[in-house]
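Please work through the exercises below with the sequence and the model side by side, and try each task before reading its solution.

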Amino acid sequence: MSDILNTRDFLELKTAVEELQKARNAAINLIEDLNREIEKRIQYENELKVSEEKFRSLFHDHAAVKFIIDPDTGNIVDANDAAASFYGWGIDELKQMNISQINNLPPDKVKKEMEKARLLKNTHFEFKHRKANGNIVDVEVFSSKVLIGGKEYLHSIIHDITDRKNIESERLKLSVILDNSLSEIYIFNADTLLFEYANAYALRNTGFTEEEIKRITPVHLKPEFTEASFRQLLEPMLRGSEKKLVFQTTHKRKNGTLYPVEVHVNLQVYEKDKVFFAVINDISERKKAEESLRESERNYRELIDGMNETVWVIDFDGKLIDVNNKAVEILGFSKEELLSIGLYGVDISLHREEIKALIDFMPEDKIQIFETSHKTKYGRVFPVEVYSSLVTYQGEKAILSIARDITERKRNEKIQQILYDIARAAAGAKSIEELLTEVRFKLSNLFDTANFYVALYNHDKDTLKKVIFVNEKFDIEEWDVKNSLSGYVIRSGMTLLLTKEERITFAHEHNMELTGIPAECWLGVPLMENEKAYGVLVVQSYTNPSAYDINSARLLEMVAHELSFAFQRKKMIRDLVNAKEKAEESDRLKLAFLANISHEIRTPMNGILGFLDLLQRPNLADDQRDKFIEVVNQSGQRLLATINDIMEISKIESGLVELQYAEINIAEALNYHYEFFKQQALAKHLSFIRKDTVTGNQSLVKTDKHKLDGILSNLLSNALKFTHEGGIEFGNYIKGDELVFYVKDTGIGIPPERLNSIFDRFVQAEQGLTRQYEGSGLGLSIAKAYIEIMKGRIWVESEINKGSTFYFSIPYHPLHKQPESESPATPVFTGKKDKITVLLAEDDEISYEYLEFIIKNEGLNLLHAVNGEDTVKIVRENPSVSLVLMDIKMPGMNGLDATREIRKFNSQIPIIAQTAHALSGDKDKAIEAGCNDYISKPIEADELMLMIDRYTT
């Protein structure tokens, strides 16, 4: 017997020596890896120094206003030339100042804002800044951390947004005007007729809420219309034969009361969407006023002469009967002259036949509204908006028209729209040529762009080379700057506006011998960078000496400013992408992975060790002890999940994952996940919906259940993690020979640039030190690997702040019979707990003590074995054993082999496998060996006792 023991001891010692040698080799390899990492770190630091020098050069030479700020003190450490020019202080003066001397906020709030910028990776602010001359301007600040000389500073880029703020203010005013309008204003969809917008007055007057109004159409408000008749009314505008529609009808409020209205409708097209814009005036009072007006014509003259708009009274032959004083003042004619020439001598847009048609078809009790153009006695043409209606004048029917000058409104609308369109085109254009073509087209709405060019200056050759050149007279690729108007714009950096006559005088004054075909009107503005002109934007007219004016020049300067940003942005993006993208990608991913895994392991470990230490303190209150234990448990679960993911991905990359096909019911599988995750969703106040369209016999399939569960679990866990409001929906459907599953959430969404990388190893949709969500970044990678092993595919659709939908498909292998249940056999043992004996096969002392406490605390009897041989022996010799809790890895005979031996003489006793491996396939191996069920370490007490009760009661 002693010889046998000596041989066993020798084998164990030999195994220990071999394991020690493996550990030594692993340590040597680790040291070599660390040395290589140190060498790479030194190289990285050297490259970082070079990068800092490049940064300083880019900082000082950049056209944008820039500061380097010490976040601890707020002192301005450095400023570039653009900052000095913008603020009016010299660079040396700025470097002696604190940012609180420029920022209009109180110093304590400035410090708080700097702290935000310091904690976040990239931060955007809007402030009011003070210049040296005392002017206060609105600025947009982009701040990010930068490491200089081993210290963190804030790198701030400042843009003047005063003009943009003014535009936003005007838009806000417009919004306020709409909501405070005494007219009902609606926008409804041209296809569905559903309301998309109603102003505050419309909601108050009709009694509907904003939600209710968006569920109905105009037909609900107009009892005299059906949907068909209303669509027929709108059809001329959809065909393009009518621009506007004006009519009177009756509206019905939510409470059923009726009131007369006047409806003004026109069609608006935004890109591909068509909507109708409707202004509805409640004319109840106006009806009374019109009646009163007909009864009191004696007040007519005082009324119309007091108006700021021109007023016209016209008979049905088109003859002018009367005009007000404002018409005389604006048009420059005497009243007698106006009555003599009539409406036909003033209106230049409508032909005599059109005016006659308007008069002939003037509707009763309705107002006609249209736009046309009027001409003054001195030839000035201006647009007007005309309101016409039938009145009684001196006892006869006549037409009263009120015309409002809308010149300024039209011009402002065009300018604002053009600037907006150009800014949007600058952000989205694929090339500068495409952008300039769009700019030329947009500007043509305001002035002549038949001759239009943009050229860039070549300093070495002292020439200009075209980027785009459109000219009615000639074409040219490149020309000398000397003796050219565009060359003067380059040298001076100033806008130049000349007529043909002024061109001659200008050339003489500047000793220039101009060549080429002279234009009747020439306008050029510089493209500027770092206060130097690097290009020119020119328009010219060969026919009209008054083609351009000071307003044209100012607009062109704004366009040139936007184009300069576009040129600089394209160049900067191209340079940065080419210089850094490829060099940094691999290092970034590696560092991100190491930092992430380190964080995911150290964070829960810190929680476990820290709170275990706290638990050892005496006099802890029960609620404190319970809280600390819960933290330890949560941290342990998080650490276990990270380790499981790392082990599983290692197995995937080693090619050790195998498919284990089984016959399953996928409807039951989805129901399992629904029940499992439902409580988590409820805890976050989220809706949780299962929509499995594959049911009945269609849900009986053959696939790898473990991997399908793993994929669904990963996707549902992610959806719950990243969704804070709304809900989650998951389900499946059959498409051809594929079985498709989906998980849809209303979470934070995934940036478009990360959609193709989130399935990569160690990559997450949220990157960097500021990420809010824990996790190793391996879940989606594992899911993708499982799906590909199963010959399927996975894809995602997402939108930031609206949510994501993950889809995956696997081959559909249907069955025609119900799969056998995977549930264990009916428990054999019955009786009271003190009659139940559990055999615990466990070689680890700490694990044994933990399980011993759980089992005995429930009043069960316990036997202990430390290896497979003893376990088989105890079961053979003790028929009273009710259940075996079998550790898989034990010295000598392992748990799987011990299970096989037991099944040779006892096929009834329940055996539950327990293991710390927790890899895919472990459960399948345990079941194949003869185990009834499987539980992975660390074992939760409640889960263990539920399983024991299930098999022994």
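**Exercise 1.** Find the ring over which the charged end of Lys-707 sits, and place that ring in its helix.

*Solution.* In this predicted model, where local features need pLDDT of at least 70, side-chain atom pairs count only at pLDDT 80 or more, while totals for chains, interfaces and linings use all residues. Residues are numbered from 1 along each chain as its sequence is written, and side-chain values use heavy atoms, leaving out hydrogens and water.

Start at Lys-707, whose charged end sits over the ring of Tyr-786, 5.8 Å from the ring centre (the rule asks for NZ of Lys or CZ of Arg within 6 Å of the centre and within 35 degrees of the ring normal). Next, Tyr-786 is one of the buried residues of helix 22, where buried means under 20% relative accessible area with a 1.4 Å probe, protein chains only. Finally, eight of the 11 residues of helix 22 (residues 779–789) are buried, so this helix is largely enclosed by the rest of the structure.

**Exercise 2.** Decide how the rings of Phe-67 and Tyr-87 are arranged.

*Solution.* Rings of Phe, Tyr and Trp (its six-membered ring) pair if their centres lie within 6.5 Å, and planes under 30 degrees apart count as stacked, over 60 as edge-to-face and the rest as tilted. The centres of Phe-67 and Tyr-87 are 5.4 Å apart with planes at 20°, so the pair is stacked. Both residues are buried.

**Exercise 3.** Classify the pair Phe-188 and Phe-195 in turn.

*Solution.* Here the centres are 6.1 Å apart and the planes stand at 85°, so the pair is edge-to-face. Phe-188 and Phe-195 are both buried, and ring pairs link them into a cluster whose members include Tyr-186 and Phe-276.

Technical notes:
Buried means under 20% relative accessible area, exposed over 50%, partly exposed in between (1.4 Å probe, protein chains only). Helices (H or I, at least four residues) and strands (E, at least two) are DSSP runs, numbered from the N terminus.
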